[in-house]
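This report describes one protein model for a reader who has not seen it before. Please look over the sequence and the structure first.

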Amino acid sequence: MKKTMTSILAGLTTAALTLSLCTTALAAPAGKKAADETGKTASQVSKTVPGRTWQREYLEGYLYYTGPAPAKVPEGERPPAFRPAWLPEGYALSSASSGGVPQKGELKASWIYENGEDRLNFTCYLRPAGSIGAAAGAAVSGSSVLHRTKVQGHDADFYQGVPSHGYLTNDLIWENEQGSLFWLSGSLDQGALEKIAESVMEVTNSLPEYALTILPAGASLFSRSVLPEVVEERWSVEGSGGFTWTYSSLPLGSGGTGTAETVTVNGAEAQFWQEKAQVLTVVTKTQDGETSTTLGGSVSGTLLWTDPETKINFRLQAPLDKDVMVCMAESAALR
């Protein structure tokens, strides 16, 4: 748990590298030239950025980008619908979600792309009109080195990461004219991240609404995230942990490993991956001898298919038998 912040920041909660922050700090007057801090580590850069809405604050090894003082998001305000229009070959959408805490002024949309074991994260934090502002921001490792750059004509900060535990994370952060913050993070180099950032655009294409009409017994909807080009539903199921169903006009990654099995969904070819989790046996010594307990061993399946008429891509990830998952997939229908 992080410590309580200084008077500049009212609170902080960590969730992976995305943090919700509260602050009363205001941006420096527009037009004031920023100092050239290229080559400094994140722990050495200034706490304010002249002319920007989002400010920097270094705390306990990380540099945070913090929005204006939080206030309730206006009713009906939509999550920021921005995403990269270009990605390097091999990357496909793994997950997309909208969320935040509207009561605290936070509204965001996050996109995760994967290429094998490489992951690319893109998040946009919305700053609504007027004095109301988002209270969330990106976090960058304090050992990362800052390089000033430009994205779509706006000043941007690229942080060259330091490999940790065999994995490298670089960060590119910028904001647009409306004061929304964009954060792109991954193992790609500066040139590749900047090319992706230059392609970021607002999207408005809506999807038709689909529903699974056949569900496992005891299934109940846990969450439903809707963005213009992707819908992701998470379901809980008594005794099995639940499943995730996603459909999108964008290519979807399978997340599966090994060779896929070709199956059919409503007469069209589909790909199915099934993996068995590692079995762990725990041995407990007692006065009467030893007892062993087997943990894990559950089956996890991924089914990926495309509607040949609409070209919409579907993905079902569940700890269920292949035939059950195919049956569920074939039940997908327009609401």
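The text below goes from the overall make-up to the cores, the aromatic rings, the cysteines and one strand.

**Overall make-up**

The model is a predicted one. Its secondary structure comes to two helices and 25 strands. Of the 335 residues in the protein, 44% are buried. About 17000 Å² of the protein is exposed, and carbon and sulfur atoms supply 51% of that area. Among contacts between residues at least 6 apart in sequence, 55% join residues at least 24 apart.

**Nonpolar cores**

The largest nonpolar core has 29 residues. Leu-93, Trp-111, Leu-120, Phe-122, Leu-172, Trp-174 and Leu-184 are the residues with the most contacts inside this core. Two or more residues each come from the strands β6 (92–99), β7 (108–115), β8 (118–125), β11 (154–160), β12 (170–175) and β13 (181–186), and also from α1 (190–198). The element α1 gives the largest share, four residues.

A second core, separate from this one, has 24 residues, and Leu-212, Val-231, Val-237 and Trp-305 are among them.

What does Trp-111 touch, not counting residues up to four places away in sequence? Its partners are Phe-82, Arg-83, Leu-93, Ser-95, Ala-96, Leu-120, Asn-121, Phe-122, Leu-227, Val-230 and Leu-250.

**Aromatic rings**

A search of the whole structure finds 13 aromatic pairs. One of these joins Trp-235 and Phe-243: the ring centres are 5.8 Å apart and the planes are at 5 degrees, so the pair is stacked. The cut-off for stacking is an angle under 30 degrees. Trp-235 is buried, at 15% relative accessibility, and Phe-243 is also buried, with a relative accessible area of 3%.

One aromatic cluster is formed by Tyr-210, Trp-245, Tyr-247, Trp-305 and Phe-314. Trp-305 also belongs to the second core.

A charge is found over another ring: the charged end of Lys-195 sits over Trp-86, 4.3 Å from the centre of the ring.

**Cysteines**

How many disulfides does the count give? The count comes to zero. A disulfide is a covalent bond between the sulfur atoms of two cysteines. Cys-124 is buried, with a relative accessible area of 0%, whereas Cys-327 is partly exposed, at 36%.

**Strand β16**

Strand β16 spans residues 219–227 and contains Ser-223. Ala-219 lies in β16 as well. Ser-223 counts as partly exposed because its relative accessibility is 28%, and Ala-219 is partly exposed, with a relative accessible area of 22%.

The table gives a C-alpha separation for each of these two residues.

| Residue pair | Distance along the chain | C-alpha separation |
|---|---|---|
| Ser-223 and Glu-233 | 10 residues | 5.8 Å |
| Ala-219 and Gly-241 | 22 residues | 9.8 Å |

Which residues are in contact with Ser-223, leaving aside its neighbours within four places in sequence? They are Glu-232, Glu-233 and Arg-234. Glu-233 is thus both a contact of Ser-223 and its partner in the table.

Under the same exclusion of sequence neighbours, Ala-219 is in contact with Trp-235, Ser-236, Val-237 and Phe-243. Trp-235 and Phe-243 are the two rings of the stacked pair, and Val-237 is a member of the second core.

Definitions and conventions: Residues numbered from 1 in each chain as written. Predicted model: local features only at pLDDT ≥ 70, side-chain atom pairs only at ≥ 80, totals over all residues. Heavy atoms only, no water. Disulfide = S-S within 2.5 Å. Buried < 20%, exposed > 50% of the residue type's maximum accessible area, 1.4 Å probe, protein only. Phe/Tyr/Trp six-rings, centres within 6.5 Å; stacked < 30°, edge-to-face > 60°. Lys NZ or Arg CZ within 6 Å of the ring centre and 35° of its normal. Core = buried A, V, L, I, M, F, W, Y, C linked by side-chain atoms within 4.5 Å. Contact = heavy atoms within 4.5 Å. Areas by Shrake-Rupley, 256 points an atom, 1.4 Å probe, with all protein chains shown as cover.
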